[in-house]
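Open the model in your viewer and keep the selection panel at hand. The stops below go one at a time.

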Amino acid sequence: MLDTLDPADPSFARDPYPYYAHLRTTGPAARVALANGTDAWLVTGYRQAREVLADPRFSNVPPRAAGRPKPDSPAQRARGCLARHMLNTDAPDHTRLRRLTTAAFTPRRVDALRPRIEQLTAELVTDVADRLAREGTADLVDAFAFPLPVLVIGEVLGVPTADRADLRTWTYQVGSPADALPAGAVDRAWTSLHDYFTALIAQKRRTPGDDLFSALVHDEAEGGLDDGELLAMAFLLLFAGYETTMNLIASASLLLLTHPGELAAARKGGPARWAAVAEEALRHASPLEGTTWRRTTEEVDLGAGVVLPAGASVLVVLAAANRDPGVFPEPDAFRPGRYAASGERAAEQAAERPFERAAAHAAFGHGPHFCLGSRLARLEAEVALPMLFGGGGRMPAFALAADPATLPYRPGLLVRGPRRLPVVRAGSAG
């Protein structure tokens, strides 16, 4: 009899790890029956996750009938533009799209964003501090973890400052449940984003800036990207860029608020320790719970008695792989000390030790589909966390204002992080 799973169950969304640990006792991958009536294979073993992500026998191309937009709906047509992004392609198309994008996301160009990220973070910290002083409470997701990556992606896309409030509003709306907003708001937001990015691409073609997206628009290598591919890339950069980073910052904040000893160690340890906090948060609370769905093109033997048939739907569960006890001692414990060492960046020193290197590689995928934005996400977290929690300055001391076990999480198997993170000025809780 198959294990069953309802990803929409709030209790599962809040804490999926006991279920993944149960699945792992049956092997590194398990076939489960989903609540929508289909079944799928969930890969929970760390070694097998890495192998699947690098194996061309697992296709990223959706079935031909999947996700076709309705021709009479502008919002559905806008969503349909995403079908051309590189996460839904295999080689050679994926290779071409990724090579062009990699050329724009060089480490030098990403690292050059640090001063602007520091400025944006400082402004948001001031806003949070003012709200705490004025109202005594704030939601760190709404006031900090969400707007920061959206503003940073605005820098990446070269969105004019005057347009970023609209971009933030539309992004918030398309990421919200339809029943949480006025009727038609989500559809209007999708259409607005489609129209805005279409106009932005035309503008970049006429007058390019020094932003990363302009570099993509004008890169003519291998024929460059056509307007449809650029539109899909703009959507991908926006949603992949803000959602994963928002979840990383929110989850790391929750972990620090519930682990005061680790917060104290970070404050004493300097940049290397803050980098270690970000790295351990990536492992312990993976902002990507699972990768995009894959389909086997032939029978695949994963070892340990697990054989996947051809045509199987497969999901690599990064959240489970990053807590594989065969790779991570005390996998359920939050211990940034796994990575910290004086005077070195956590991710760099982790490269010297396979056990610690594993979290850095699994957090954002592996192989040809390794996340290009992982460097930017880490940079944002390493800037944001010490500014928010470092003590001193304008930011007052604050504390969590809710039971962590009651915090809402978005249902599903793709992204994971708290949807709300209410805090109060220290001393005013209760």
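Begin with a hairpin. Select S2 together with strand S3 (residues 39-43): the two run antiparallel and are joined by five bridges. Across this pair, Ala33 stands opposite Asp39 in S3. Four residues separate S2 from S3 in the hairpin. In that turn, Gly37 has a positive phi of about 95 degrees. Bear in mind that this is a predicted model.

**The sheet**

Now add strand S1 (residues 3-5). S1 runs parallel to strand S2 (residues 29-34), and three bridges hold the pair. Pick Asp3 to see one of these pairings: its bridge partner in S2 is Val32.

Go to the other neighbour of S3. Strand S9 (residues 313-316) pairs with S3 in the parallel sense, over three bridges. Select Trp41 and look across to S9, where its bridge partner is Val314.

Show the whole sheet next. It is open, has six strands and follows the order S1-S2-S3-S9-S6-S4, with mixed pairing. Which strands stand at the edges? They are S1 and strand S4 (58-59). Each has a single partner strand, so one side of each is left without a neighbour in the sheet.

Add helix H2 (residues 17-24). H2 packs on the sheet and touches S1, S2 and S3. The direction of H2 makes about 155 degrees with that of S1.

**Thr296, inside the sheet**

Select Thr296, which sits in strand S6 (residues 294-296). Is Thr296 buried or exposed? Its relative accessibility is 1%, so Thr296 counts as buried. Follow its side chain: it reaches the backbone nitrogen of Ala312 at 2.8 Å. Beyond its neighbours within four places in sequence, Thr296 is in contact with residues including Arg57, Phe58, Leu308, Pro309 and Val314.

**Helix H3**

Select helix H3 (residues 46-54). Colour its buried residues: Tyr46, Gln48, Ala49, Val52 and Leu53. Look down the axis. These residues cover an arc of only 160 degrees, which puts them on the same side of H3.

**The cores**

Switch to the nonpolar side chains. The largest nonpolar core has 89 residues. Which of them touch the most other members? They are Leu193, Phe197, Phe213, Phe389 and Phe398. H13 gives the most to this core, with 19 residues.

Centre on Phe213. Not counting residues up to four places away in sequence, Phe213 touches Val156, Leu157, Leu200, Ile201, Lys204, Leu230, Ala234 and Leu237. Another core, of 20 residues, lies apart from the largest one; among its members are Ala29, Trp41, Ala49 and Leu318. You have already met Trp41 as the bridge partner of Val314, and Ala49 as a buried residue of H3.

**Helix H14**

Select helix H14 (residues 260-269). Its buried residues are Glu262, Leu263 and Ala266. Seen down the axis of H14, they fall within an arc of 105 degrees, so they line one face of the helix. An α-helix has 3.6 residues a turn, so residues three or four places apart point the same way. What do the buried residues of H14 pack against? Show helix H13 (227-258), helix H15 (271-284) and helix H19 (374-389) to see these partners. Rotate to the face turned away from the buried side: Pro260, Gly261 and Lys268 are exposed there. Step just past H14 to Gly270, which takes a positive phi of about 80 degrees.

**Two loop residues**

Find Ala304, in the loop between strand S7 (300-303) and strand S8 (306-308). Its phi is near 55 degrees, a positive value in a residue other than glycine. Ala304 is exposed, with a relative accessible area of 65%.

Then jump to Glu330, in the loop between helix H16 (318-321) and helix H17 (346-350). Phi of Glu330 is near 50 degrees, again positive in a residue other than glycine. Glu330 counts as exposed, at 51% relative accessibility.

**Last stop: Leu400**

Select Leu400 in strand S10 (residues 398-400). With 17% relative accessibility, Leu400 counts as buried. Show its contacts, leaving aside neighbours within four places in sequence: Leu254, Leu257, Thr258, Leu421, Pro422 and Val423. Finish with a distance. The C-alpha atoms of Leu400 and Thr137 are separated by 9.7 Å, while these residues are 263 residues apart along the chain.

Conventions. Residues are numbered from 1 along each chain as its sequence is written. This is a predicted model: local features need pLDDT of at least 70, side-chain atom pairs count only at pLDDT 80 or more; totals for chains, interfaces and linings use all residues. Side-chain values use heavy atoms; hydrogens and water are left out. Buried means under 20% relative accessible area, exposed over 50%, partly exposed in between (1.4 Å probe, protein chains only). The arc is that of the directions from the helix axis to the C-beta atoms. Contact means heavy atoms within 4.5 Å. A polar contact is a pair of N or O atoms within 3.5 Å; within protein, one must be able to donate a hydrogen and the other to accept it, and residues adjacent in sequence count only if both atoms are side-chain atoms. A nonpolar core is a set of buried Ala, Val, Leu, Ile, Met, Phe, Trp, Tyr and Cys residues joined through side-chain atoms within 4.5 Å. Two strands pair if DSSP finds at least two bridges between them. Axes are lines fitted to C-alpha atoms, for helices over the stretch in contact, and angles run from 0 to 180 degrees between N-to-C directions.
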